[in-house]
Amino acid sequence: MRFEFTEEQEMICDMVRDFVAKEVETKAEQLDEAEAFDRGMFDRMAALGFTGLPWPESDGGAGGGFASYVLLLEQLSGGCASLGAALWTHVQLVTWPVYRFGQHGGAKQLQALIEGRKLGAGALPPRPGGLPPLAFTLAAKPDGDGYVLDGTQEFVINGTVADLFLVYANVEGEGEPERTAAFLVERGMAGLQVRPVTQALGLRSSGMAHLTFDRCRLSEGQLIGSVGQGAAIAGETWASARYGLAALAAGIAQGALKASLAYAKERTQFGKPIARHQAVAFMLAEMCAAAEASSLLVRQAAWNEDKGLGHAEPSARALAFAADAAVGSTTNAVQILGGYGYMKEYRVERYMRDAKALHMLKGMGVWAGSG
């Protein structure tokens, strides 16, 4: 059993660490305060090959696999979880299902997604595991050689600026209750309204939006997979996406630990750094263990997917642990920094808010032992 990074992964970590230090951390607080999605930042990530990292070179990707991709997510999230969530959504909620199931409907858009020339926004699929089709909030009615889509999809990350939206719907069909489908919808289509989500607790610069479809006319070519396959696509998408979400949580835990440790080494009380006081030392040790365990669980799930092994259960375990660890670690971070941890000028309060946002995503039907 080998735990060390490959030379390529070391290079990826160095590149991302440099990108985060020079371009992400300098803007994160400002973007969070303004609730602004920085499309230029996403375009920069695309130019660096981040959007294509997990995909094979034969398909236009960088060939790094998902084990390298989660290292990228962790580093990004440690600097700005909103930016990490934007990449996670683009890669795992949109590009992943299009890559796996979109040989017909999404084929013409796939290369643009892999290269990041088009930004994808993915609806959070309802949880796998036997829920009825009514779990989908959109309804599609067959109409000639296409479909008419109606309904509202809430809390879509990247929604305010995305070029493409992947959504799930129940398809009307007499006597066929299990007719579900996934569609790839282009921005600017008649009948699509995008409403930004504002005044959110966390992930404030992730471009979150509500989508409303009012007789939005879709062609057969926008169908991903086939009618009746939507629930299966949602389930398989979550089987992969859960460990990506866990990677974001692991990155937050690592960022909270780093900030807390730096502060605890500098802040003195009773003649010595507070890091040497037992209560603080115990909290730091707990945070360190939580961050490392989260990362290991994430990497195990990603490695399983790269090797073609079962990754649904490892992915679910990773998210269940990492989401809790991020909330616990950021709470400790605020406690260690005391009054400063309560202030916006110190990043740990943003980590705490973002950790809670990820924890709520975990609770929106994400947990499932299989899918």
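A residue is called buried if its relative accessible area is under 20%, exposed if that area is over 50%, and partly exposed in between, as found with a 1.4 Å probe and with protein chains only. Residues are numbered from 1 along each chain as its sequence is written, and side-chain values use heavy atoms, with hydrogens and water left out. The model is predicted, and local features need pLDDT of at least 70, side-chain atom pairs count only at pLDDT 80 or more, while totals for chains, interfaces and linings use all residues.

**The whole chain**

Begin with the entire protein chain in a cartoon view, where the secondary structure comes to nine helices and ten strands; these are DSSP runs numbered from the N terminus, a helix being H or I with at least four residues and a strand being E with at least two. The C-alpha atoms fill a box of roughly 80 × 45 × 40 Å, taken along the principal axes. The radius of gyration is 21 Å, which agrees with the value near 21 Å that a compact globule of 371 residues would have; this radius is taken over C-alpha atoms, and the globule rule is 2.2 Å times the number of residues to the power 0.38.

If you colour the chain by burial, the buried residues make up 54% of the 371 residues. A contact means heavy atoms within 4.5 Å, and among the contacts with a separation of 6 or more, 74% are between residues 24 or more positions apart.

**Stop one: S2, S3 and S7**

Select strand S2 (residues 138-143) and strand S3 (residues 146-156), which pair in the antiparallel sense over six bridges; two strands pair if DSSP finds at least two bridges between them. Ala 139 has Asp 150 in S3 as its bridge partner. The two strands form a hairpin with two residues between them, and in the turn Gly 144 has a positive phi of about 65°.

Now add strand S7 (residues 209-219), which pairs with S3 in the antiparallel sense over eight bridges. Val 148 stands opposite Arg 217 in S7.

**Stop two: two residues of S7**

Which residues does Leu 218 contact, leaving aside its neighbours within four places in sequence? They are Gly 146, Tyr 147, Leu 149, Phe 183, Val 185 and Met 189. Leu 218 counts as buried because its relative accessibility is 1%. Its C-alpha atom is separated by 7.2 Å from that of Leu 149, although the two residues are 69 residues apart along the chain.

Arg 215 lies in S7 as well, and this residue counts as exposed because its relative accessibility is 56%. Phi of Arg 215 is near 50°, a positive value in a residue other than glycine. Most residues other than glycine have a negative phi.

For a second residue with a positive phi, go to Leu 203, in the loop between strand S6 (192-196) and S7. Phi of Leu 203 is also near 50°, but Leu 203 is buried, with a relative accessible area of 3%.

**Stop three: S5 and its partners**

Select strand S5 (residues 180-186), where six of the seven residues are buried. On which strand does S5 pair over seven bridges? It is strand S4 (residues 164-171), and the pairing is antiparallel; Val 167 has Phe 183 in S5 as its bridge partner. Strand S8 (residues 223-224) is joined to S5 by two bridges, and these two strands also run antiparallel. Ala 182 stands opposite Ile 224 in S8.

**Stop four: helix H5**

Next select helix H5 (residues 107-115), whose buried residues are Gln 109, Leu 110, Ala 112, Leu 113 and Ile 114. If you show the surroundings of H5, what covers these buried residues includes helix H4 (81-101), strand S1 (120-122), S4 and S5. Just after H5, Gly 116 takes a positive phi of about 80°.

**Stop five: Ser 295 in helix H7**

Finish at helix H7 (residues 278-306), and select Ser 295 within this helix. Is Ser 295 buried or exposed? Ser 295 counts as buried because its relative accessibility is 4%. Leaving aside neighbours within four places in sequence, Ser 295 is in contact with Glu 74, Ala 250 and Gln 254. Ala 322 is 27 residues away from Ser 295 in sequence, and the two are 8.0 Å apart in space, C-alpha to C-alpha.
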